[in-house]
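Welcome! Here are a few short exercises to work through, each with its solution set out step by step. Have a look at the model first, then try each task before reading on.

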Amino acid sequence: MTNANMYPTSNAASGATNANDANEMVSRVAQGAHETVDRLAEKAAPAVQKLESTVAHANEALHAQMNRAREVGDEWTDNLRGTVREHPLASVAVALAAGMVLARLTR
């Protein structure tokens, strides 16, 4: 047996110290990363809330416009039905003329 195998050197102790140092460094880096993420989240929170509010207002405005467009469409439909009921022959003549124009345009 050689002297190197019989007498342990300080390499084992040195390896344990290096592993502890590495673990400590990883722990510090992870803690720093957590702190950075927390700071960024705190700074981003107001912007996210403002964006959510803006999207909610835009959604409400779009729904209001959609409802208004539906109401206008319903009014036009009701008016057209009333006109057709009041003037059925004229309505048929206009529909026939429109059909003939469309037929000529699509040839």
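## Exercise 1: A charged trio

Arg 68 is partly exposed, with 45% relative accessible area. Keep this residue in view, and remember that the model is a predicted one.

**Task.** Find which residues form salt bridges with Arg 68, and state where Arg 68 and Glu 71 lie.

**Solution.**

Step 1. Begin with Glu 71: this residue forms a salt bridge with Arg 68, and the closest N and O atoms are 3.5 Å apart.

Step 2. Now place that pair. Both Arg 68 and Glu 71 belong to helix α2 (residues 11-86), where they are 3 residues apart, about one turn of the helix.

Step 3. Turn to Glu 75, whose side chain meets that of Arg 68 in a salt bridge at 3.8 Å, N to O. Both distances pass the test, because a salt bridge needs the nitrogen within 4 Å of the carboxyl oxygen.

Step 4. Put the pieces together: through shared partners, the salt bridges join Arg 68, Glu 71 and Glu 75 into one network. A search of the whole structure finds 2 salt bridges.

## Exercise 2: Buried or exposed?

**Task.** Sort Glu 71, Glu 75 and Leu 102 into buried, partly exposed or exposed.

**Solution.**

Step 1. Recall the cut-offs: under 20% relative accessible area is buried, over 50% is exposed, and values in between are partly exposed.

Step 2. Glu 71 has 42% relative accessibility, so this residue is partly exposed. Glu 75 has a relative accessible area of 42%, so Glu 75 is partly exposed as well.

Step 3. Leu 102, with a relative accessible area of 53%, is exposed.

Step 4. Look at what surrounds Leu 102 in the model. The residue lies in helix α3 (residues 88-105), and together with Val 101 and Leu 105 it makes a nonpolar surface patch of about 320 Å².

## Exercise 3: The whole chain

**Task.** Describe the chain's secondary structure, its burial and the confidence of the prediction.

**Solution.**

Step 1. Count the elements: there are 3 helices and 0 strands, in the order α-α-α along the sequence.

Step 2. Of the 107 residues, 1% are buried. The chain exposes about 9,700 Å², with 62% supplied by carbon and sulfur atoms.

Step 3. Check the confidence. The mean pLDDT is 87, and 86% of the residues reach 70 or more. Confidence is highest in α3, at 96, and lowest in helix α1 (residues 3-6), at a mean of 52. Where pLDDT is low, predicted coordinates should not be read in detail.

How values were computed:
Residues numbered from 1 in each chain as written. Predicted model: local features only at pLDDT ≥ 70, side-chain atom pairs only at ≥ 80, totals over all residues. Heavy atoms only, no water. Patch = residues over 30% accessible without salt bridge, like charges linked within 9 Å, V, L, I, M, F, W, Y side chains within 5 Å. Areas by Shrake-Rupley, 256 points an atom, 1.4 Å probe, with all protein chains shown as cover. Helix = DSSP H or I, 4+ residues; strand = E, 2+ residues; numbered from the N terminus. Buried < 20%, exposed > 50% of the residue type's maximum accessible area, 1.4 Å probe, protein only. pLDDT = per-residue confidence, 0-100.
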